[in-house]
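Hi,

Here is the structure I promised to pass on. Could you open it alongside this email and follow along?

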Amino acid sequence: MPPDALAATLRAGLLSFPVTHFDADLQFDEPRYREHLAWQSSFDVAGLFAAGGTGEGFSLTPAEIDRVVRVAVDEVADRVPVVAPATGGTAVSIAQAQAAQAAGASGLLLFPPYLTEASQAGLVEHVSAVCRATDLGVIVYSRANAVLTDSTVAELADRNANLIGLKDGVGDIEQMTRTYAKVGERLLYVGGLPTAETFALPLLQLGVSTYSSALYNFLPEFALRFYAAVRAQDRTAVYAMLSDFVLPYLDIRDRSRGYAVSIVKAGLTAVGRDGGRVRPPLTDLTEAELAELTTLVQKVA
């Protein structure tokens, strides 16, 4: 998919990161992953990001990431764009970008470099090197040790025609305002804070037209209703859904570090679709927490 076409497609709808299923030995469970992808692609979602954050991409080997991306492309790419990850240092990210293109992915999400700090000039060179290595449209994730300033985003957009988007994992209102004022509609802006529904309505005013919904993994119809209410700026509906489900869900999520991923797999189990376990260093919800989540999910499922 040409980068500009991918940007237009992703901008127009809700996005999601499918979980990656593991078997009892915590190895990739391809049949269950395919089943999940088929279910996810049966709804009106604009794009699926394979082996991303909610997909535990950080716990997968490069070979596993390549396999997960290839399975996703094979299973749903004829219906929904599949965006692959690029992680780690520049050399690793370039290799993953090229592997994603060879696998037939529609685009690339570039994660922050692993375990190092960098200057804005260094981040410009990192992102640009990955963009040069592929013909795919690239979305850069501004988060953690790779928070991009407005000037950096503008420079990257000028230097790299296939840079199509910025995913914001910070939520700095002033920085997003400065970025949109400087770059405008040249880029697609994706909300990337954990449980993005919490921030979706205010960020819409800053040009963030879509977001990646973890809830879509196990409550796709609810997630799509929520997204429609956000785009319609229906504050009454948004806050009703926040109060009824999202905020109580956050209360469970916030009980332990890493639960932003664990609770999504638990959510699948809560709706009868068996999300399975997370890999260490993440930990699964307790039985009591799963029971609490199941009761909460039943109110909106």
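Below is what turned up, going from the sheet to the helices and then the loops. Bear in mind that this is a predicted model.

**The sheet**

The strands form an open sheet of eight, in the order E1-E2-E3-E4-E5-E6-E7-E8, with parallel pairing. Strand E1 (15-16) and strand E8 (210-211) sit at the edges with a single partner strand each, so one side of each has no neighbour in the sheet. As a reminder, strands of a sheet pair through backbone hydrogen bonds, either parallel or antiparallel.

At the E1 edge, two bridges hold E1 and strand E2 (residues 47-49) together in the parallel sense. Ser16 has Leu48 in E2 as its bridge partner. Further in, strand E3 (residues 82-86) runs parallel to E4, and four bridges join them. One of the pairs to click on is Ala84, whose bridge partner in E4 is Leu108. On E4, Gly107 and Leu109 point one way while Leu108 and Leu110 point the other way, and all are buried.

At the other edge, have a look at Thr210 in strand E8. Thr210 has a relative accessible area of 1%, so it counts as buried. Its side chain reaches the backbone oxygen of Gly13 at 2.5 Å. Leaving aside residues up to four places away in sequence, Thr210 touches a list of residues including Leu10, Arg11, Leu188, Val190 and Tyr227.

**The helices**

Helix H5 (residues 120-132) has 13 residues, which at 1.5 Å a residue should span 18 Å; the end C-alpha atoms are 18 Å apart, so the two agree. Several residues of H5 are buried, among them Leu123, Val124, Val127, Val130 and Cys131. What covers them? The cover for the buried residues of H5 includes helix H4 (90-103), strand E4 (107-110), strand E5 (137-142), helix H6 (150-159) and E6.

Helix H7 (residues 173-183) lies across strand E6 (163-168) and strand E7 (188-191), at about 165° to E7.

Towards the end of the chain numbering, helix H10 (residues 235-253) packs against helix H11 (residues 259-270) at an angle of about 115°, with the axes 9 Å apart. The crossing of H10 and H11 is right-handed. On the H10 side, Tyr249, Ile252 and Arg253 meet Tyr259, Ala260, Ile263 and Val264 of H11.

One side-chain pair to pull up is Asp74 in helix H3 (residues 62-76) with Arg34. The two are 40 residues apart in sequence, and their C-alpha atoms are 9.2 Å apart in space. Their side chains make a polar contact at 2.8 Å. Asp74 has a relative accessible area of 53%, so it counts as exposed.

**The loops**

Three backbone details came up here. Glu56 is not a glycine but has a positive phi of about 60°. It lies in the loop between E2 and H3. Is Glu56 buried or exposed? At 0% relative accessibility, Glu56 counts as buried.

Leu115, likewise not a glycine, has a positive phi of about 55°. Leu115 is in the loop between E4 and H5, and its relative accessible area of 70% makes it exposed.

Lastly, the peptide bond joining Pro280 and Pro281 is cis, with omega at about 10°. Pro281 is in the loop between H11 and helix H12 (287-298).

Cheers

Definitions and conventions. Residues numbered from 1 in each chain as written. Predicted model: local features only at pLDDT ≥ 70, side-chain atom pairs only at ≥ 80, totals over all residues. Heavy atoms only, no water. Pairing = 2+ DSSP bridges. Contact = heavy atoms within 4.5 Å. Axes fitted to C-alpha atoms, helices over the stretch in contact; angles between N-to-C directions. Buried < 20%, exposed > 50% of the residue type's maximum accessible area, 1.4 Å probe, protein only. Polar contact = N/O pair within 3.5 Å; in protein donor to acceptor, adjacent residues only side chain to side chain. Expected span 1.5 Å × (residues − 1). Left-handed = near helix turned anticlockwise from the far one by under 90°.
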